[in-house]
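Work through the exercises below with the structure open beside you. Try each task before you read its solution.

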Amino acid sequence: MLLMNAKRVDRIINSIGELPILPTIYARLTHILNVSDASISTISNIISEDQSVAAMVLRMVNSAAYGFYNKIGELQHAIAILGLNEIKNLVLATSMYNVVKGFRPSDRFDMQEFWKHSIGCAVSARVLAETAYLKNPEAVFTGGLLHDIGKLIHASYLREEFDNVVADVEKTGSQMSESERRLLGFDHAQTGSALAEKWLLPREIVNMIAYHHLTDMPPDTLTKEIAAVHIGNTLCTALRMGSGGEKRVPMVNHEAWEILNLKVSDLEYVMQRSAKLFEERVSIMEFT
Ligand SMILES: [Fe+2]
Ligand SMILES: [Fe+2]
């Protein structure tokens, strides 16, 4: 059953001719940062090739969050201030922004709310990852940013089916993935992860997308990173950081909470920090 659906999802993804591609700048930057001790000037050269990314880096460093009195106009200076991890997040978020803009979804899909939900999940998952001392909060940010990309695929390429799913969610109060499974036989976690595979993103990120609801998980697949995205999704929905079109807040899975090994008292910090980062991000990357 599962395998059959997986094949169907692959067929859908492969039949979409003009599927948006992830700008190469993200892969190039990740590669450079992974293989070598890249210098700021090398990174600056890569970034300056993509105007939208370069502009975003400068906008970020000049935002209220960094509080500089004088405007910073040099890319290299901005990179040194922001640090490589922040740069990577920004490059990814800007690339994603450009990708999201390339989709033409159904009228029933609210792009602005979806974009905010994606940023909200990315920052919440990253703060959870940092608080739980995971070694790769950057990857978790990526997983959070992309976790619901499958919804955008449905809304853009399976419009009629998507509209039916939205109507079903409204009528029954189901989670969107439950309605999708019932009506389509697969869900947005499957289509989203198939797209991430096509984009050649690392397996750990593909898995964060595939299992963010913790459904259909092969045994021993649950990682702390998947748990962070799963809980980040609940937090950002509960805190109303945008909306992924759900009518109710998704439940937190007990195992996911256990594996992160956080205390309930950590949650207050996580929520406050996530809310602050969310406001900062959304203010410089507003969807227009
Ligand atoms: Fe989802
Ligand atoms: Fe979501």
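Domain bounds here come from an automatic or database domain assignment. Keep in mind that this is a predicted model.

**Exercise 1. State which domains the assignment gives and how far apart their centres lie.**

Step 1. Read the bounds. Domain 1 covers 1-15 + 106-288, and domain 2 covers 21-102. Domain 1 is thus written as two stretches of the chain.

Step 2. Take the C-alpha centres of domain 1 and domain 2. They lie 24 Å apart.

**Exercise 2. Describe the side of domain 1 that touches domain 2.**

Step 1. Count the residues. On domain 1, 12 residues are in contact with 13 residues of domain 2.

Step 2. Find the elements that give two or more residues to this side of domain 1. They are helix 7 (111-131), helix 8 (137-146) and helix 16 (264-284).

Step 3. Pick the main contributor. Helix 8 gives the most, with five residues.

Step 4. Sort this side of domain 1 by class. There are nine nonpolar, one polar and two charged residues.

**Exercise 3. Find the largest nonpolar core and say which domains it draws on.**

Step 1. Give the size of the core. The largest nonpolar core has 75 residues.

Step 2. Name the residues with the most contacts inside this core. They are V57, V91, A125, L128, I209 and A228.

Step 3. Ask which element gives the most to this core. Helix 7 does, with 10 residues.

Step 4. Check the domains. At least three residues of this core come from each of domain 1 and domain 2.

Step 5. Zoom in on V91. Leave out residues up to four places away in sequence, and V91 touches I25, Y26, L29, I47 and V53.

**Exercise 4. Decide how compact the chain is for a globular protein of its length.**

Step 1. List the elements. The chain has 16 helices and zero strands.

Step 2. Compare the radius of gyration with the globule rule. The chain has 19 Å, close to the 19 Å that the rule gives for 288 residues, so it is as compact as a globular protein of that length.

Step 3. Add the span. Along its principal axes the C-alpha trace extends about 55 × 45 × 35 Å.

Step 4. Look at burial. Of the 288 residues, 41% count as buried.

**Exercise 5. Say where the predictor is most and least confident among the elements.**

Step 1. Start with the whole chain. Its mean pLDDT is 91, and 98% of its residues reach 70 or more.

Step 2. Compare the elements. Helix 1 (residues 2-15) has the lowest mean pLDDT, 75, and helix 14 (residues 224-238) the highest, 98.

Terms used: Residues numbered from 1 in each chain as written. Chains lettered and ligands numbered in written order. Predicted model: local features only at pLDDT ≥ 70, side-chain atom pairs only at ≥ 80, totals over all residues. pLDDT = per-residue confidence, 0-100. Helix = DSSP H or I, 4+ residues; strand = E, 2+ residues; numbered from the N terminus. Contact = placed C-beta atoms within 7 Å. Nonpolar A, V, L, I, M, F, W, Y, C, P; charged D, E, K, R; others polar. Core = buried A, V, L, I, M, F, W, Y, C linked by C-beta atoms within 7 Å. Buried ≥ 20, exposed ≤ 12 C-beta atoms within 10 Å, placed from the backbone. Rg over C-alpha atoms; globule rule 2.2 N^0.38 Å.
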